[in-house]
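Trainee: I have a model open and would like to learn how to read it. Where should I start?

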Amino acid sequence: MNRRDFTGKTLWVSGGIALGMNTINGMLNAEIGNQKFNFMSTSHPNLTLINSFFEAYGKNDIDSIKNILAADIKWHIPGQHPLSGTKKGVDEVLRFFQKLNKAAFKAEPIVMGVNDNYVIDCHKNWSNLETGENLNAMSCLLWKIENNRIVEVHNFPENQHEVDAFFSKLYS
């Protein structure tokens, strides 16, 4: 291939890539533009619900937590430690929270995004043990909400290995 053919083909391919990327970008913007998101606004009822959960959790207010969770809730805890696994139903989730009390575990939301069915939150979580090592980490939770109740939660820790080591040591 001579230099002229190479230059021509390069310009032709580059133009095609640019046109394709522009088309994809336009499609993505149109798709995202059709969705309604509300970031960090407390006016959305799903954010109000999650904020109520954090408030009740912080006060260890079991009755309020029971009113916020669906009876058949599923709470997914990833990892390879004694507390990992899917907790099913309010009673099992509450037992999980009680086990967290051994670590004097706390959580504080940092940022949230919301739509009509989900809330995603990133929060700081830490243990408050007087002796031993404490966990100080970040996690994100994906909350699924139906009929103003939390029906499912997926936990995504910042550092799963650190979480596994902490809970394995504390609960062994």
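Mentor: Start with the order of the elements. From the N terminus on, this chain runs α-β-α-α-β-β-α-β-β-β-β-α, with 5 helices and 7 strands. Keep in mind that the model is predicted.

Trainee: How much of the chain is buried, and how much area does the chain expose?

Mentor: Of the 172 residues, 34% are buried. The exposed area is about 11,000 Å², and carbon and sulfur atoms supply 54% of that area. As for contacts, among those with a separation of 6 or more, 51% join residues 24 or more positions apart.

Trainee: What is the mean pLDDT, and which stretches stay below 50?

Mentor: The general idea is that where pLDDT is low, the predicted coordinates should not be read in detail. In this chain the mean pLDDT is 82, and 76% of the residues reach 70 or more. Over residues 13-25 the value is below 50, and that stretch has 0 contacts in the model beyond near neighbours in sequence. Residues 27-41 also stay under 50, but for them the model has 16 contacts beyond four places in sequence.

Trainee: Now a helix. Which residues of α5 are buried?

Mentor: The general idea first: an α-helix has 3.6 residues a turn, so residues three or four places apart point the same way. Helix α5 covers residues 160-170, and its buried residues are Val 163, Asp 164, Phe 166, Phe 167 and Leu 170. The cover over these buried residues includes α4 (90-101) and β7 (149-157).

Trainee: What caps the N-terminal end of α5?

Mentor: Asn 159 does, with a side-chain oxygen 3.2 Å from the backbone nitrogen of His 161.

Trainee: Next, a polar residue in a loop. Is Ser 127 buried or exposed?

Mentor: Ser 127 counts as buried because its relative accessible area is 4%, and buried means under 20%. Its place is in the loop between β5 (118-126) and β6 (136-146).

Trainee: For a residue like that, ask what its side chain reaches. Which partners does Ser 127 have?

Mentor: The side chain of Ser 127 makes a polar contact with the side chain of Asn 134 at 2.7 Å. The Ser 127 side chain also reaches the backbone nitrogen of Leu 135, at 2.7 Å. Leaving aside neighbours within four places in sequence, the residues in contact with Ser 127 are Ala 103, Ala 104, Phe 105, Asn 134, Leu 135 and Phe 166. Phe 166 is one of the buried residues of α5.

Trainee: Which residues have a positive phi although they are not glycines?

Mentor: Look at Asn 147, with a phi of about 50°, and Asn 148, with a phi of about 60°. Asn 147 lies in the loop between β6 and β7, and Asn 148 is found in the loop between β6 and β7 too.

Trainee: How are Asn 147 and Asn 148 classed by accessibility?

Mentor: Asn 147 has a relative accessible area of 77%, so it is exposed. Asn 148 has 47%, so it is partly exposed.

Trainee: Last, the surface. Which residues form a nonpolar patch?

Mentor: Ile 110, Val 111 and Met 138 form one, with about 230 Å² of accessible area together. Of these, Ile 110 lies in strand β4, which spans residues 106-114. Ile 110 counts as partly exposed because its relative accessibility is 45%.

Methods: Residues numbered from 1 in each chain as written. Predicted model: local features only at pLDDT ≥ 70, side-chain atom pairs only at ≥ 80, totals over all residues. Heavy atoms only, no water. Patch = residues over 30% accessible without salt bridge, like charges linked within 9 Å, V, L, I, M, F, W, Y side chains within 5 Å. Areas by Shrake-Rupley, 256 points an atom, 1.4 Å probe, with all protein chains shown as cover. Salt bridge = Lys/Arg side-chain N within 4 Å of Asp/Glu carboxyl O. Helix = DSSP H or I, 4+ residues; strand = E, 2+ residues; numbered from the N terminus. Buried < 20%, exposed > 50% of the residue type's maximum accessible area, 1.4 Å probe, protein only. Polar contact = N/O pair within 3.5 Å; in protein donor to acceptor, adjacent residues only side chain to side chain. Contact = heavy atoms within 4.5 Å. pLDDT = per-residue confidence, 0-100.
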